[in-house]
Amino acid sequence: MTVKLERRNGIAVVTIDNPPVNALGRAVREKLWALAGELDEDPSVRAVVLTGAGKLFVGGADITEFDRPVEPPGLPELIARIEAAAKPWVGAIRGVALGGGLEITLGCCFRIATADARFALPETTLGIIPGAGGTQRLPRLIGIDHAIGVVAENLTLDAAHAVELGLVDRLVDEPLVDAAEAFVLEALERPLPEPVSRRPVAAVDPARLQEAEARIRRAARGAAAPPLALAALRFGLEHGFASGMANERAVFLKLRASPEAAALRYLFFAERAALRPADMRGITPFAIGRVGVVGGGTMGVGIAAALRNANLPVVLVERDETSLARGMAALAAVFQAARKKGGLSEAEAERRIGAVTGAVGYAALAECDLVIEAVFEDLSVKRAVFAELGRICRRDAVLATNTSYIDPRLIAAGLPEPGRFIGLHFFSPAQVMKLLEIVPTPATRPEVLATAFDLARRLAKIPVRSGICDGFIGNRILRRYRTEAEVLLRDGVSAAAIDAAMRGFGFAMGPFEMQDMAGLDISFLYREAARSRGETVPETPGDLLVRAGRKGQKTGGGWYDYAPGDRTPQPSAEAARILAPMQAPPQTLAPEAIVERLLAAMAAEGQAILAEGIAAIPTDIDLVEVHGYGFPRRRGGPMFQASRAANRTQDGN
Ligand code: 3H9
């Protein structure tokens, strides 16, 4: 049953019942289309209430249909049919009305909502624009300024705001259908309002539109959909509703078939699948109440902040009072920064800081359900921590390491109950970055693994399971990416050309700019350590720079020069001189060729990672890159890009 019909007191109640999110798939549209005709003809029906079954109204068009041609009836036609119905339709909304879900309510004569209702047009996050009248009806209902935010900037309106803007006619309590019935009976006593499509729209201030356009372009960072959503809205204002609808539809259909939209849809489903891995079904995670964090450096503080943002009480442990005070101050600064940005109230910032207990020594961790170690990246230091944790923590507590390189099996060696040990690799800043690499050892118990996934869900992170190898999934691909960039550099392509090509592709920074920001010395020290163990590690261009004291921005120069207090990379004659012995004569390579080389290297490493069973599926690799390493979301990830390139080659043959 996709749509249910109930008649009460001359009112038809039409309920979309299409779990999980009442998406407006073909079967729903067909049924609604048929009902619109049937109810128009039914003399016993005076009005129609349109609502959703369960805790939400409608999550939008059915995204799974977007890889196929449009199947009639189309949503724009259906909404026009509802708007033109002989009886008034009332949208009765609880929970979310998103995308097509909001658009269908705009074809209704009235909208009522419960206090938990939320309205948004998230189409641009899927690489498309609203395609069923959202860019045309919304400005006619709530005004251009607010409509721009919703249509092109993914602004969500809560119920109170929606009432204020005139999107919702009345805020009601549950039971929703009873409230809708009462509302309709009252509304039928008065003349009906003009359909939204026929309402006038206020004149546009060109300066404000221009301002919005610049803002939207900046935020889109090369993504096509947001500026096109604004352009579609603007087109309708200038050419009228009918032309506006035709234009909106054409742009929607073109974008729906674009590689960018395909990439964003791919990630949409990959992210949801990552939260619920098939082999974790039926395994009950441990309950996590209090969490301990060992180490008050950048990582430990970020992890503690992420835990507090998810409302988990935290014990932060440091080795001495001075380090603890520094860690606690850094943690307080994270919440104060969020407050200053407007994300938190003063009281909420205080509450988050207040639920962190700082402690010197491990005794305070005795009652924690989970302890995450985030100390210096050194095997003997970490083993010493776990020796203490093994002694002090409850036998059923989960013990996790945040190592990014060290084999977790070595860290766990000697731990009583190794089954409760796991790697949880957060990314810096941990309160911001969405990726959580989960690294079980062969001894890790399934419940502990399930607990890690559950924690990721609570922290609103994207969890990806990684097998054990040097650098796990993400750092291993990063190393290959950097190595390939250095190969190009040795071949005579300039660092500036390589960086510009990768920025053009959508990365915020190129590989050399990124190294300058993070510092070249850490990977240098790793290579030096390997050399001192007798391993053969050839000298790299980066080694030459570090040996000359050029460790990146922090030393005023690395691959580039930096003026004091300025992070803008400037070409460096000194770096060129240092690197010259390792570089072929200068050569120019097209940006596309540079991008192709670097992406191919990442995908090749990804293939090796899959072949070794370090990652289970290609989407896991793409999620790691997008959520942990700044791979442009609109490009899907290196494996997605490689599969598209392979398809293109096949098509070409
Ligand atoms: C649109 O409307 C275009 C129109 O303008 C024009 C058309 C002509 N379709 O997120 P969850 C699945 S574009 C198909 O975990 P939550 C999802 O994959 C659309 N499937 O739940 C998952 O499946 P599984 C604009 C969908 O409670 C399951 O539902 N709308 C859709 O945390 C549960 O999802 C959007 O962009 C869909 N539209 O959150 C909204 N949505 O169980 C997209 C979800 O197999 N959706 N699924 O893994 C959301 O934001 C959230 O799903 C929502 C529920 C807030 C609704």
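This report describes helix packing, the nonpolar core, selected residues and unusual backbone geometry in a predicted model.

**Helix packing**

Two packed helices are described by the angle between their axes and the distance between the axes. In the case of helix α1, which spans residues 26-41, and helix α2, which spans residues 75-83, the axes come within 10 Å and cross at roughly 25°. Because angles under 35 degrees count as roughly parallel, α1 is roughly parallel to α2. The handedness of the crossing between α1 and α2 is left-handed. On the α1 side the contact is formed by Arg-29, Leu-32, Trp-33 and Ala-36, while α2 contributes Leu-75, Leu-78, Arg-81 and Ile-82. By residue class, this contact of α1 with α2 comprises six nonpolar residues, two charged residues and no polar residue.

A second helix pair is found further along the chain, where the axes of helix α18 (residues 472-490) and helix α24 (residues 591-611) come within 9 Å and cross at roughly 145°. The crossing of α18 with α24 is right-handed. From α18, the residues that make the contact are Ile-473, Arg-476, Ile-477, Arg-480, Tyr-481, Glu-484, Ala-485 and Leu-488, and from α24 they are Ile-594, Arg-597, Leu-598, Ala-601, Met-602, Glu-605, Gly-606 and Ile-609. The residues in this contact of α18 with α24 divide into 10 nonpolar, five charged and one polar.

**The nonpolar core**

Which residues have the most contacts inside the largest nonpolar core? They are Val-90 and Val-371, and the core to which they belong has 182 residues. When neighbours within four places in sequence are left aside, the residues in contact with Val-371 are Gly-292, Val-294, Leu-365, Leu-389, Cys-393, Ala-397, Leu-399 and Ala-400.

**Buried residues in loops and in a helix**

Gly-95 is located in the loop between β4 (89-93) and β5 (96-98). Is Gly-95 buried or exposed? Gly-95 is buried, because 20 other C-beta atoms lie within 10 Å, and the threshold for a buried residue is 20 or more. Apart from neighbours within four places in sequence, Gly-95 is in contact with Lys-55, Leu-56, Phe-57, Asp-116 and Ala-117. The C-alpha atom of Gly-95 is separated by 7.7 Å from that of Thr-114, a residue 19 residues apart from Gly-95 along the chain.

Ser-197 likewise belongs to a loop, in this instance the one between α7 (176-187) and α8. With 20 other C-beta atoms within 10 Å, Ser-197 is buried. Once neighbours within four places in sequence are set aside, the contacts of Ser-197 are with Glu-83, Arg-137 and Phe-241. For one of these partners, Arg-137, the separation along the chain is 60 residues, and the C-alpha atoms of Ser-197 and Arg-137 are 5.7 Å apart.

Ala-642, by contrast, is placed in helix α26, which covers residues 638-652. Ala-642 is also buried, with 21 other C-beta atoms within 10 Å. Between the C-alpha atoms of Ala-642 and Met-509, which are 133 residues apart along the chain, the separation is 21 Å.

**Backbone geometry**

Most residues other than glycine have a negative phi, and most peptide bonds are trans. The table lists exceptions of both kinds.

| Site | Backbone feature | Value |
|---|---|---|
| Pro-19 and Pro-20 | cis peptide bond | omega about 5° |
| Pro-72 to Pro-73 | cis peptide bond | omega near 0° |
| Asn-154 | positive phi | phi near 55° |
| Arg-221 | positive phi | phi near 45° |

As for the cis bonds, Pro-20 is in the loop between β2 (11-16) and α1, whereas Pro-73 is in the loop between β3 (47-52) and α2.

Where in the chain are the residues with positive phi? Asn-154 is found in the loop between α5 (144-152) and β8 (157-158), and Arg-221 is in the loop between α8 (206-220) and α9 (225-239). Asn-154 counts as partly exposed, because 16 C-beta neighbours lie inside 10 Å. Arg-221 is partly exposed too, with 14 other C-beta atoms within 10 Å.

Definitions and conventions:
Residues are numbered from 1 along each chain as its sequence is written. This is a predicted model: local features need pLDDT of at least 70, side-chain atom pairs count only at pLDDT 80 or more; totals for chains, interfaces and linings use all residues. Axes are lines fitted to C-alpha atoms, for helices over the stretch in contact, and angles run from 0 to 180 degrees between N-to-C directions. Helices (H or I, at least four residues) and strands (E, at least two) are DSSP runs, numbered from the N terminus. Angles under 35 degrees count as roughly parallel, over 145 as roughly antiparallel, 65 to 115 as roughly perpendicular and the rest as oblique. A crossing is left-handed if the near helix is turned anticlockwise from the far one by less than a right angle, and right-handed if clockwise. Two residues are in contact if their C-beta atoms, placed from the backbone, lie within 7 Å. Ala, Val, Leu, Ile, Met, Phe, Trp, Tyr, Cys and Pro count as nonpolar, Asp, Glu, Lys and Arg as charged, and the others, Gly among them, as polar. A nonpolar core is a set of buried Ala, Val, Leu, Ile, Met, Phe, Trp, Tyr and Cys residues joined through C-beta atoms within 7 Å. A residue is buried if 20 or more other C-beta atoms lie within 10 Å of its own, exposed if 12 or fewer, and partly exposed in between; C-beta atoms are placed from the backbone.
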